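Trainee: Could you take me through one part of this model slowly? I'd like a close look at the sheet and what sits around it.

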Amino acid sequence: LYAERLAAREVLARAARLLGPLRGATHVVREPWREAHTGELDVEATLEHQLGKPYPEIGDWWARRREERRHQVVLMVDASLSMSGENMAIAAVAAAVLALKLRPEDLALVSFADSARTLTPLEVADAPIEVVRRMLDQPVHGYTNIAAGLERGAAELERGRNPRRSGLLITDGVVTAGRDPLPHAYRFPRLFVLLTEDYKMNPELCRRLADAGHGDVFPVRAYRDLPARMLEVANRVLR
């Protein structure tokens, strides 16, 4: 148990070093200034609302403030036999990158091999260290059923209440079990595929999945590059 906690801490520390100082995505909110200390005066909007009036009214004073731009994400990770050895530890670092970028309740984690299972559900505030621990505890075996992963991931994402929702799929696109995954890709508001390139990859399927999910494909040339590539994708998806 101590070794598991130590491994999880090291994975999380590696992800934190990759991220550097954490800065969440934000956007500007403009609204009537109803309470003090809830923003700063929006001069332009205030002048617009007072234009042509002899005296300003209460609703003519406007404020602006920065608000966190939240995004709900389900990460679907291949846990078949091809992920044995170092690959699952690298995937855990990639998952930790997302766990540190998002609010805990805004990340769901799904693993898939012959079948799929939810490791951390959406709307449940599992700490990043717990996300990593469950990734490292995940048994690596069996075949690759991408359809099962997408089906479980889509069902998990549909539980979310934020209109800003996306799925991230880590795969080489090679299906060795289950049905055609394409019908499940249509259920995602946005679906982004991190294509782990190797000699047996199927980029055509990955492209079809991303197109069906109104997303894109991000090649990962070497598996050790996955965490850094995940950070690039997260910065694009979450902005």
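Mentor: Sure, here is a walk from the sheet to the helices on it, then a loop residue and the empty spaces.

Keep in mind that this is a predicted model. The sheet is open and has 6 strands, and reading across it you get β6-β5-β4-β7-β8-β9, with mixed pairing. At the edges you find β6 (116–120) and β9 (217–220); each has a single partner strand, so one side of each is left without a neighbour in the sheet. On average, and ignoring direction, neighbouring strands here are turned by 20° against each other.

Let's zoom in on the β6 end. Strand β5, residues 107–112, runs antiparallel to β6, and 4 bridges join the two. One pairing to click on is Val 110, whose bridge partner in β6 is Thr 118.

Now for the helices. Helix α3 (residues 86–101) packs on the sheet and touches β4 (72–78), β5 and β7 (165–171). The direction of α3 makes about 180° with that of β4. Helix α4, residues 128–137, also packs on the sheet, with β4, β5 and β6 as the strands it touches. Compare its direction with that of β6 and you get about 150°.

Between α3 and β5 there's a loop, and Glu 105 lies in it. The Glu 105 side chain makes a polar contact with the side chain of Arg 70, at 3.5 Å. Leaving aside neighbours within four places in sequence, Glu 105 is in contact with Arg 70 and Gln 72, and also with Leu 122, Glu 123, Val 124 and Ala 125.

What about empty space? Counting cavities of 30 Å³ or more gives 1, and the largest cavity has a volume of about 50 Å³. Its lining includes Ala 99, Leu 102, Arg 103, Pro 104 and Leu 107, along with Thr 120, Asp 126, Ala 127, Pro 128 and Val 131. By class, that lining splits into 7 nonpolar, 1 polar and 2 charged residues.

The second largest pocket holds about 150 Å³ of space. Among the residues lining that pocket are Asp 78, Ser 82, Met 83, Asn 87, Ile 170, Thr 171, Asp 172 and Tyr 223. The full lining of the second largest pocket divides into 3 nonpolar, 4 polar and 5 charged residues.

Key
Residues are numbered from 1 along each chain as its sequence is written. This is a predicted model: local features need pLDDT of at least 70, side-chain atom pairs count only at pLDDT 80 or more; totals for chains, interfaces and linings use all residues. Side-chain values use heavy atoms; hydrogens and water are left out. Two strands pair if DSSP finds at least two bridges between them. Axes are lines fitted to C-alpha atoms, for helices over the stretch in contact, and angles run from 0 to 180 degrees between N-to-C directions. Contact means heavy atoms within 4.5 Å. On a 1 Å grid over the protein atoms alone, a cavity is a set of points where a 1.4 Å probe fits but cannot get out, and a pocket is an open set with protein on both sides within 12 Å along at least five of seven lines; lining residues have an atom within 4 Å of a point. Grid points are joined across faces, edges and corners, and a volume is the space filled by probe spheres set on the points. Ala, Val, Leu, Ile, Met, Phe, Trp, Tyr, Cys and Pro count as nonpolar, Asp, Glu, Lys and Arg as charged, and the others, Gly among them, as polar. A polar contact is a pair of N or O atoms within 3.5 Å; within protein, one must be able to donate a hydrogen and the other to accept it, and residues adjacent in sequence count only if both atoms are side-chain atoms.
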